[in-house]
Amino acid sequence: MKNLFSRALFPAIVAAFLSAAAPVAAQTHYKPHISVGVKGGMSMAEMSFSPSVKQTWNNGSTGAVTIRYTEEKLFGLIAELGWSQRGWKEDFEDSPCSYSRSLTYLQLPLLTHIYFGSPRFKCFVNLGPEFSYMISDKISSNFDYRDPLNAEGFPTKARMTEQMSMEVANKFDYGITGGIGVEFYVSPRNSITLEGRYYFGLGNIYPSAKADTFSASRNTAIEITVGYNFRLK
C-alpha cells in the first residue's frame with residue numbers, strides 16, 4: 001500500500017496541487033530580500049568533558065554582523081561573522097577557591113532560516129553548522145591552578161584537575177548551532193530581533209587519543225542576543 005501511494009497517488013496529488021497553485025503563484029510572486037544587521041548579547045558556556053568535570057556556567061559576551069537572504073516566502077539563508085566567549089567555570093561547592101577559563105572565538109555560522117507570521121511580527125527558527133577559531137584564552141583564579149592540591153581549602157575528593165593547566169591543543173572548532181526567536185518590523189525595511197541559540201561543539205580542545213587525559217573536551221554554549229536588521233533590497 002505504501003509503495004502504491006508513493007508511485008501512483010503521491011505524484012498525482014503533487015501534479016494537482018501545482019496546477020491549482022499556479023494561478024495563485026503568478027499573482028503573488030515573492031521577491032527575494034537581502035538584509036544586513038548587527039547583534040549582541042550574552043553567552044553562557046560549559047565544556048562537555050569526559051571524564052566529567054564539576055562546573056557551572058561561565059558568562060561572557062557575544063556579537064556579530066549578519067547578512068540574510070530570503071528567496072522563498074518562508075525560507076532563507078543567514079551568514080554571520082562575530083565572536084563568542086566560551087569556556088567553563090569550576091564548581092568548588094562550599095570551597096573559597098574559584099577558577100574560570102574564558103575562550104574567545106571568532107565564529108562563522110551558516111544557517112537555514114525558517115520564518116512565519118505577519119508583515120509586522122514574525123517567529124523564526126535558525127539551524128546549521130558553525131565554524132570558529134580561538135583568538136584568546138584567559139584564566140581567572142584565586143589559587144595556583146598549576147598546583148591545586150596544595151591550595152588551602154581546595155576540594156580534592158574525586159576531582160579532575162588536569163584541565164585547569166592544560167594548553168589548548170586545537171584552536172579550530174566546529175559544531176551545530178540552532179536557535180529560535182522573534183522579529184518585529186518597526187518599518188518595512190527596519191526590524192529588531194530577539195533570539196536564543198544553543199551551540200554544541202563537535203571538536204575537542206584537548207588531545208583525545210586513547211592515552212590522553214580526556215576523550216572529550218567540547219564547547220557548549222547558550223547565547224541570547226538582540227539584533228537590528230536593515231533590508232537593502
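How much space lies in the largest cavity? Keep that one in mind while you work through these exercises on a predicted model.

**Exercise 1. Work out the volume of the largest cavity and describe its lining.**

Step 1: Start with the volume. The space in the largest cavity comes to about 180 Å³.

Step 2: Look at what surrounds that space. The lining is made of 18 residues, and those nearest the centre are Thr66, Glu80, Thr193, Glu195 and Asn229.

Step 3: Find which strands take part. At least two lining residues come from each of β1, β3 (58-70), β4, β6, β8 (190-201) and β9 (216-231). With five residues, β9 gives the most.

Step 4: Sort the lining by chemistry. You should get six nonpolar, seven polar and five charged residues.

**Exercise 2. Find how many cavities of 30 Å³ or more there are, then describe the second largest.**

Step 1: The count is two cavities.

Step 2: The second largest has a volume of about 30 Å³.

Step 3: Go round its wall and tick off Ser35, Arg68, Glu183, Tyr185, Arg189, Ser191, Asn229, Phe230 and Arg231. Two or more of the lining residues come from each of β7 and β9, and β9 has the largest share, with three residues.

Step 4: Sort this lining as well. It splits into two nonpolar, three polar and four charged residues.

Step 5: Check the two linings against each other. Asn229 is in the lining of the largest cavity, and Asn229 turns up again in the lining of the second largest.

**Exercise 3. Trace how β6 pairs with β5 and with β7.**

Step 1: Begin with β5 (residues 99-117) and β6 (residues 121-141). These strands run antiparallel and are joined by 17 bridges.

Step 2: Look at how the chain gets from β5 to β6. The two form a hairpin, with three residues between them.

Step 3: Pick out one bridge to anchor your picture. Leucine 106 has tyrosine 133 in β6 as its bridge partner.

Step 4: Now move on to β7 (residues 172-187). Here β6 pairs in the antiparallel sense again, over 13 bridges. For an example, take glycine 128, whose bridge partner in β7 is threonine 177.

Step 5: Put it together: β6 pairs with β5 and also with β7.

A handy tip for looking at strands: in a regular strand, side chains alternate between the two faces of the sheet.

**Exercise 4. Decide whether glutamate 93 is buried or exposed, and say what its phi angle looks like.**

Step 1: Locate the residue. Glutamate 93 sits in the loop between β4 (75-90) and β5.

Step 2: Read its backbone. Phi is near 55 degrees, a positive value in a residue that isn't glycine.

Step 3: Check the surface. The relative accessible area of glutamate 93 is 56%, so this residue is exposed, the cut-off being over 50%.

**Exercise 5. Spot the cis peptide bond that leads into proline 51.**

Step 1: Find the loop between β1 (33-50) and β2 (55-56), where proline 51 is located.

Step 2: Look at the peptide bond from serine 50 to proline 51. Its omega is near 0 degrees, and the bond is cis.

**Exercise 6. Place threonine 156 and find how far it is from phenylalanine 92.**

Step 1: Threonine 156 belongs to the loop between β6 and β7.

Step 2: Its relative accessibility is 46%, so threonine 156 counts as partly exposed.

Step 3: Compare sequence with space. Threonine 156 and phenylalanine 92 are 64 residues apart in sequence, and their C-alpha atoms are 9.7 Å apart.

Technical notes:
Residues are numbered from 1 along each chain as its sequence is written. This is a predicted model: local features need pLDDT of at least 70, side-chain atom pairs count only at pLDDT 80 or more; totals for chains, interfaces and linings use all residues. Side-chain values use heavy atoms; hydrogens and water are left out. Two strands pair if DSSP finds at least two bridges between them. Helices (H or I, at least four residues) and strands (E, at least two) are DSSP runs, numbered from the N terminus. Buried means under 20% relative accessible area, exposed over 50%, partly exposed in between (1.4 Å probe, protein chains only). On a 1 Å grid over the protein atoms alone, a cavity is a set of points where a 1.4 Å probe fits but cannot get out, and a pocket is an open set with protein on both sides within 12 Å along at least five of seven lines; lining residues have an atom within 4 Å of a point. Grid points are joined across faces, edges and corners, and a volume is the space filled by probe spheres set on the points. Ala, Val, Leu, Ile, Met, Phe, Trp, Tyr, Cys and Pro count as nonpolar, Asp, Glu, Lys and Arg as charged, and the others, Gly among them, as polar.
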